[in-house]
Amino acid sequence: MGVIEIKHLTRDYGHGKGVFDISFDVNRGEVFGFLGPNGAGKTTTIRHLVGFIKNQSGTCTINGHDCWKESAYINKHLGYIPGEMALFDDMTGHGFLSFMARYRGRVDMRRQQELIELFELNPQGKIKKMSKGMKQKLGIVSAFMHNPDILILDEPTSGLDPLMQKHFIELIAKEKEKGKTILLSSHIFEEVERTCDRVGIIRQGKMVTVDSIEILRKRHMHQYTVTLPSNQEAEAFARDFDGIAEGNKVHVTSTSSLEHIFMDYYQGDQ
Ligand SMILES: Nc1ncnc2c1ncn2[C@@H]1O[C@H](COP(=O)(O)OP(=O)(O)OP(=O)(O)O)[C@@H](O)[C@H]1O
């Protein structure tokens with residue numbers, strides 16, 4: 001059984017918008033990348049998981065608990081970075097962290113301080129006066145500061161500079177080593193490639209693939225055979241293009257970059 005389970009989830013906003021018959025699982029200790037173009041339905045799916053939206057049909061569970069009916073349980077046990085932090089604009093950073101600690105009923109103050117230092121966050125001052133990156137750092141500290149076993153992260157590095165993105169990727173790797181279960185939506189292919197075991201791609205509200213990065217790569221390998229005028233030229237060609245020479249023929253395997261593979265799915269070529 002997956003820690004996070006979505007089965008046949010549908011929320012129809014009309015005019016073809018929403019999510020339709022979405023199903024996927026995230027297993028214990030797995031980092032799962034949730035990808036798709038703007039407006040594809042990632043945030044809508046994630047909001048069901050954190051109990052903000054009631055499912056029209058289908059089910060969403062975390063550790064067997066229904067995400068809508070048991071949302072208080074879900075939010076206590078999850079680490080969640082929302083897509084935007086607008087709701088809390090009038091609080092200070094410190095105020096927001098204390099509010100989240102009280103709401104969840106637990107916080108690890110040492111961990112909180114470690115994260116504040118790692119992301120060079122200044123939590124003084126009102127959220128509405130913070131830069132986008134600073135708000136995002138606040139969201140990250142809040143999501144990880146109570147050491148949750150399950151993390152749901154909606155575009156966690158949006159607005160972060162490259163150094164902070166690097167810190168974030170290292171943080172995810174360490175959390176994965178500890179056996180945490182992580183669902184992360186992202187538009188950054190490198191981040192997904194470096195952190196995720198499997199990816200699900202959503203387009204126009206429907207899942208178009210759920211696979212390991214390894215399998216996606218294999219599926220998008222292409223093999224060619226090139227015939228050269230002589231065996232000698234075939235050997236030189238094989239050396240240059242990492243192929244296998246067989247007489248005057250060379251067998252070459254080409255792999256697509258992950259970005260290329262994802263773009264094919266985004267554009268509907270699959
Ligand atoms: N409350 C709502 N009422 C009507 N339509 C909505 C509502 N919320 C979202 N939508 C629409 O549903 C679709 C999916 O939106 P969603 O925010 O889930 O996409 P997303 O994949 O997270 O996009 P992005 O990458 O831009 O953040 C969009 O077309 C959006 O305009």
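These legends accompany close-up views of a predicted model.

**View A. Strands 2, 1, 4 and 5 build an open sheet.** Here we look at the sheet as a whole: its 4 strands follow the order 2-1-4-5, and their pairing is antiparallel. Strand 2 (17-26) and strand 5 (65-66) take the edge positions. Each of these two has a single partner strand, so one side of each lacks a neighbour in the sheet.

**View B. Strand 1 pairs with strand 4.** Moving in on one pair, we find strand 1 (residues 4-14) and strand 4 (residues 57-62) running antiparallel, joined by 5 bridges. For a handy landmark, look for Ile 6, which stands opposite Cys 60 in strand 4.

**View C. Helix 1 lies across three strands: strand 1, strand 2 and strand 4.** This helix covers residues 42-49 and runs at about 120° to strand 1.

**View D. Helix 3 and helix 5 cross at roughly 25°.** Helix 3 spans residues 93-104 and helix 5 spans residues 132-144, and their axes come within 10 Å. Angles under 35 degrees count as roughly parallel, and the two helices are therefore roughly parallel to each other. The crossing of helix 3 past helix 5 is right-handed.

**View E. Side by side, residues of helix 3 meet residues of helix 5.** Helix 3 brings Gly 93, Phe 96, Leu 97 and Met 100 to the contact, while helix 5 brings Leu 138, Val 141 and Ser 142. Sorted by character, the residues of this contact come out as 5 nonpolar, 2 polar and no charged.

Note on methods: Residues are numbered from 1 along each chain as its sequence is written. This is a predicted model: local features need pLDDT of at least 70, side-chain atom pairs count only at pLDDT 80 or more; totals for chains, interfaces and linings use all residues. Axes are lines fitted to C-alpha atoms, for helices over the stretch in contact, and angles run from 0 to 180 degrees between N-to-C directions. Angles under 35 degrees count as roughly parallel, over 145 as roughly antiparallel, 65 to 115 as roughly perpendicular and the rest as oblique. A crossing is left-handed if the near helix is turned anticlockwise from the far one by less than a right angle, and right-handed if clockwise. Two residues are in contact if their C-beta atoms, placed from the backbone, lie within 7 Å. Ala, Val, Leu, Ile, Met, Phe, Trp, Tyr, Cys and Pro count as nonpolar, Asp, Glu, Lys and Arg as charged, and the others, Gly among them, as polar. Two strands pair if DSSP finds at least two bridges between them.
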